[in-house]
Every structure is written in structure tokens, then in C-alpha cells.
Amino acid sequence: MILSPRDALLFSIATLNPAIAHIPVPIVEELLPPWLRDFQRDMLTAAAAYMRQGYRRVLLQSPTGSGKTKMAEAALLSTTARDMHSQFLVHRKELIRQTSKSFTGSGLDHSFIAAKFDYDPDAMLHLVGIQTLIRRMSHAFPSNLRVVDEAHHATSDTYSAILEADPDAYILGLTATPERLDGRGLDDQFDVMVPGPPVSWLIEQGYLARYEYFAPDTPDFTGVKSVAGDFAREAAAQVVDKPKIVGSVVEHYLRLAKGFQGIVFAQNRRHSRHIADEFNAHGIPAMHVDGEMNDKQRDYFDDAFRAGDLLLGVNVGLFGEGYDVPNIRYVGIAAGTRSLVNHLQWCGRGLRPPDPAVICDHAGNAITRNLGLPDSDREWSLLGRAARRAASGCNDDATPVRQCLVCFRVSYSGVKTCACGTEFPAQIRKVEVTDGKLKKLEQAEMKRRIRAQREREEKACKSWLDFKRLGEARGYPEPGKWASARCRGRSVAAARWR
Ligand SMILES: [Zn+2]
């Protein structure tokens, strides 16, 4: 007999450990479905452990493509099997249909609280469009567990109002990038964070695809003002929406990724249409896609893309977050961003296995704004960018990179030969030329050693107190706070890959 996922869970409830069965926590290790990957199970187990300890708002950090939806479904299966109510919150209406399909595939019966979808008050699980819920706040929608997708948006007033309306509910947040665009953390919205495996580990394991990163253009964004932590869209569009750069996007696609399916990120809609037009003019079937498309247009795009009749979807941020497009082997980035959150979401769309992806950065995000390569290891913290940088012991967002001037490929700075065969000039010989430059090299070496020393010290810490003492010894202004942030980064789940 083969049981459906939900029946298997109901069956396993009978064997649930009586010692914890009475605790009304929605996520229970014993009820997690067998198809989870080990690291996903570890993360949910850590979340469940936190919840049993009384933490109601738990954030799971895990890279784009690491299966966050699957983890959410596992949590919801557990909740449903315990006969508890749950909601899955999405911030874009485009994601409702896609999520519903995935839920059905995983055996999750559900109804909706979303415009144009049926509402069944008796359903145990509701798929919720955040805008609809906020308009119906007067109505009571009880829920034991609220799962918040793309939880870095949970800082908006809309989310805060919903989460605060029902302080007794458990919250499980999911995000690849636990920071707001302006770098502030999510510590007001969540009590604890379970860090996921690094992108580099996921690539090594084959869970994410390898990639090649090219940066053929580095346009000048000097003078473009920022709004809420990122470039003002219209002003930035004036930098990149130029025939030369639009032409370069197409030219490099033809040179590096010809025939691949993929997506392109543009700065605004006009820019997006210009890029799609330019591809079509070169015989590459491409379509501008945005959140204002009606269902018919969306179906047309989905079907044509799946069938391979369309090679490219060009968009402004729509594909950055959750809107699923299969078979992506090429990511064109024609939009400038100062936000690491956006940068990683965009690059991450190309990292779905099995095939290696070509990422073409035409805005200089990795190089000129120091956002780095997508598998650069980062120490995420619930306290945001400042704490992340303090934990890494440096002010940069990423491991340093260097660029081949022959093929425009971007590599880590330790690499001696570019994949195209070009040898990088040995930095050491170059720097030996004058005393001043030699000093620079020594400084770099010193910095490296200090960093290594810091890493060793932190690895030796076994408890919060150890971290606090270390923080004091280093003269940090708030050693206790720093220690808490570091401890959050070392949960049960993290032990496996650290
Ligand atoms: Zn090269």
C-alpha cells in the first residue's frame, strides 16, 4: 500500500512521541515528510526545537533554489496533521496560482483568502494574498501557524499589521536574504533565525547548479540617487536604457549563451520592452513580462516558455522573487542595484540544477558595487548588514573578485588563470615594483591573517558566554548583542556544514 504524503503523516501521528504530543507546537519533527533533504529536515527540526522553547517567530534563511517552498510545505503538512490551522502568506498575487499547484502536488488540501479565489472557512490551510487579507482584517481568520514567504518583506506596514493582529500564532518566515533593502535586520519581526547552508556547499552537493559570471559592462551610476536603499528607478534607467548597453546584452547573449532559455532583469518597464524588442530583432524570441499581465497573457507566456517557443522573459523584478520559470540557463542583469538582496535573488534564479548557468552582469553590480559572486560565503544575521559585516570581520560584502579583460569573466581573486586560458598578471610581482605598493601587499596579508585569527577564535567558542567574553576582549561596543547574533548563527542545524 502506498500512502499519500498526508495519509502517511496521519498514520505517523499514532506513533508520535507522547512526551511532546501534548505541546501545541505546529511543527513536529516526527511529522515531517520523508522526502525532505537532510539539511531541510535539520532546519525544520531546529525551528521546531525553538518553537518548543517558546520562540513564536522563527526565520529560516536558505538560498534561492534550496527548496524553501518544499520546507514550507513540510511545515504545513505537519501542522495540518496535528489538526491545526495554518496560512501561507504571499506578497504578490502572481504567486498564488503557482503555489496552489505546488501544494496540490504535495497533497496539501487548501482554500484561499485572495481576490478571485474561493474562500472556504472550514479549510485547515489557506493560501493568502497579503493585500486581500489586509482589506478583510475585521474578519477573524484564526491560524496556529503563519508561514511568510519572502520574509524580508515582513517589515512592511501591511505585514506588521497582520502579524501583530494575532500575537499567539506561530510565525515561520522564509527568505534567502534576511535583510531589508537598506540593510536593516529583521530582528523586530522574528525572535530567532535558523541559518541555511551556504550557496557554495549547495553547489558542491549538486543541489544548486554551477555558473559562469561575466561582467561585460560597468555603466556609471554616479549621481543616481537612492530611494529606500536602492537606486531610484527612473534615474537609473537613464544610465542603462541606452542603445549601447541594450545592444551589449543581446551581443553577449549571442556570444555566450546562444540558444539557452533564460530571463533578463531590466530597470523599468520601458527598458524591459526595449531589451525584448532588441532580442526579437535579432531573431531571439523574447517577451516582456510584468505583474500587470492578465491571466491569458500569463498562460501564453508560461506555455510558450515551457514549450521552448520563447527563449527569454524580460522583466522588472517579477522573476526575482518566487515567480517560477523553469529551465533557466541564462540570467541577464541589465538593472543596476545597490542591494545585496536584489543581487542574490537575481543571480539565484540561474542556479537551479542540473545545467550550469551563464550570468551576464551588464550593470557592474558584482564589481563596481562590490556585491560579489553569488556563492561568496556570507554570515547572515537577524541584526542586518552591520552585524553580518562584523561577523565576517571585514567591511566588504563579498570575497574579493578579479575580472579577465579578455573574456570579461569574473573569478575569485585567488584564481591564477581565467577559464578562457588567460593568465592573470601575478599581483605579487606587480606590487613589488615600488615600496608603497609593497606596503599595500603587506597590509593585505596582515588583514588576511587577522581574519584567519578571528575565525579561529570564534570557532573555539562553545557558548554564548564564550562569545560575549571574546566580544569584550575585542572591545566591541555591545558584546552581549554581538554574542547573541553569533549564537543564532550556530544552531543545531548549522552543525552539519560548519
Ligand atoms: Zn578570460
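Visitor: What percentage of the 498 residues of the protein count as buried?
Guide: This is a predicted model. A residue counts as buried if 20 or more other C-beta atoms lie within 10 Å of its own. Of the 498 residues of the protein, the share that counts as buried is 43%.

Visitor: How many helices and strands are there in the protein?
Guide: The elements are numbered from the N terminus. In the protein there are 17 strands, and the number of helices is 18.

Visitor: Among contacts between residues at least 6 apart in sequence, what percentage join residues at least 24 apart?
Guide: Two residues are in contact if their C-beta atoms, placed from the backbone, lie within 7 Å. Among the contacts in the protein between residues at least 6 apart in sequence, the part that joins residues at least 24 apart is 72%.

Visitor: Which helix gives the most residues to the largest nonpolar core?
Guide: The largest nonpolar core has 64 residues, and among the members that touch the most others are Val264, Ile275 and Val314. With 5 residues, the helix that gives the most to this core is α13, residues 340-348.

Visitor: Which residues is Val264 in contact with, leaving aside its neighbours within four places in sequence?
Guide: Val264 belongs to the largest nonpolar core and is one of the residues there that touch the most other members. With neighbours within four places in sequence left aside, the contacts of Val264 are Val249, Ile275, Leu312, Val314, Gly332 and Ala334.

Visitor: Why are α10 and α11 described as oblique to each other?
Guide: Helix α10 (residues 243-256) and helix α11 (residues 269-281) have axes 10 Å apart and pack at an angle of about 45 degrees. Angles under 35 degrees count as roughly parallel, and 65 to 115 as roughly perpendicular. The angle of α10 with α11 belongs to neither class, and the two helices are therefore oblique.

Visitor: How many nonpolar residues does the contact of α10 with α11 have?
Guide: On the α10 side the contact is made by Val246, Gly247, Val249 and Val250, and on the α11 side by His274, Ile275, Glu278 and Phe279. By class, 1 residue is charged and 2 are polar, while the number of nonpolar residues is 5.

Visitor: In which hand of crossing does α17 pass α18?
Guide: The axes of helix α17 (residues 464-473) and helix α18 (residues 479-488) come within 8 Å and cross at roughly 135 degrees. That angle makes α17 oblique to α18. The residues that meet include Trp464 and Phe467 in α17 and Trp482 and Ala483 in α18. The crossing in which α17 passes α18 is right-handed.

Technical notes: Residues numbered from 1 in each chain as written. Predicted model: local features only at pLDDT ≥ 70, side-chain atom pairs only at ≥ 80, totals over all residues. Axes fitted to C-alpha atoms, helices over the stretch in contact; angles between N-to-C directions. Helix = DSSP H or I, 4+ residues; strand = E, 2+ residues; numbered from the N terminus. Parallel < 35°, antiparallel > 145°, perpendicular 65-115°, else oblique. Nonpolar A, V, L, I, M, F, W, Y, C, P; charged D, E, K, R; others polar. Left-handed = near helix turned anticlockwise from the far one by under 90°. Core = buried A, V, L, I, M, F, W, Y, C linked by C-beta atoms within 7 Å. Buried ≥ 20, exposed ≤ 12 C-beta atoms within 10 Å, placed from the backbone.
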